[in-house]
Amino acid sequence: MLKRTWRVATVQPYDGAHALALDGVVKTTPAGNPYVCPTPDLAAALAAEWNAAPQRFDPRAFPFSQLLATALDIVAPHHAAVAAEVAGYTANDL
């Protein structure tokens with residue numbers, strides 16, 4: 001369990017996209033990438049997750065944050081390999 005150290009989560013513009021900010025500072029993923037979303041709705045959902053956090057919380061309970069961190073930290077750097085793996089499933093399982 002972690003301790004909440006911020007007062008408010010908001011959405012900030014970030015390089016033409018939308019970033020999650022805690023007390024005005026852009027939050028980063030476990031790999032150090034900024035939590036940047038392509039849509040304002042996803043960014044608002046992230047901010048809502050963080051605003052709803054109690055004083056002691058488990059970050060694994062934040063599904064939007066986990067999904068975005070996986071996309072930014074794991075999928076994006078290995079996009080071609082992930083796409084090839086998904087394509088392999090479509091050839092066999094569909």
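Tryptophan 50 and phenylalanine 57 are both buried in this predicted model. The two rings sit with their centres 6.0 Å apart and their planes at 75°, so this pair counts as edge-to-face, the angle being over 60 degrees. Phenylalanine 57 has a second ring partner in phenylalanine 62. Here the centres are 5.5 Å apart and the planes are at just 10°, which is under 30 degrees, so the pair goes down as stacked.

Phenylalanine 57 thus takes part in an edge-to-face pair with tryptophan 50 and a stacked pair with phenylalanine 62. With a relative accessible area of 5%, phenylalanine 57 falls under the 20% cut-off and therefore counts as buried. Phenylalanine 62 comes out buried too, at 6%. Zooming out a little, ring pairs tie Trp50, Phe57 and Phe62 together with Trp6 in a cluster. The count of aromatic pairs comes to five.

Then there is aspartate 73, which belongs to helix α2, spanning residues 63-75. This residue is buried but makes no salt bridge. Its nearest side chain of opposite charge is that of lysine 27, and that is 10 Å away, whereas a salt bridge calls for a side-chain nitrogen within 4 Å of a carboxyl oxygen.

What lies 3.2 Å from a polar atom of the aspartate 73 side chain? It is a backbone atom, the nitrogen of alanine 31. Alanine 31 also turns up among the residues that aspartate 73 touches, along with Thr29, Pro30 and Asn33, once residues up to four places away in sequence are set aside.

Definitions and conventions
Residues are numbered from 1 along each chain as its sequence is written. This is a predicted model: local features need pLDDT of at least 70, side-chain atom pairs count only at pLDDT 80 or more; totals for chains, interfaces and linings use all residues. Side-chain values use heavy atoms; hydrogens and water are left out. Rings of Phe, Tyr and Trp (its six-membered ring) pair if their centres lie within 6.5 Å; planes under 30 degrees apart count as stacked, over 60 as edge-to-face and the rest as tilted. Buried means under 20% relative accessible area, exposed over 50%, partly exposed in between (1.4 Å probe, protein chains only). Helices (H or I, at least four residues) and strands (E, at least two) are DSSP runs, numbered from the N terminus. Lys and Arg count as positive and Asp and Glu as negative; His and the chain ends are not counted. A polar contact is a pair of N or O atoms within 3.5 Å; within protein, one must be able to donate a hydrogen and the other to accept it, and residues adjacent in sequence count only if both atoms are side-chain atoms. Contact means heavy atoms within 4.5 Å.
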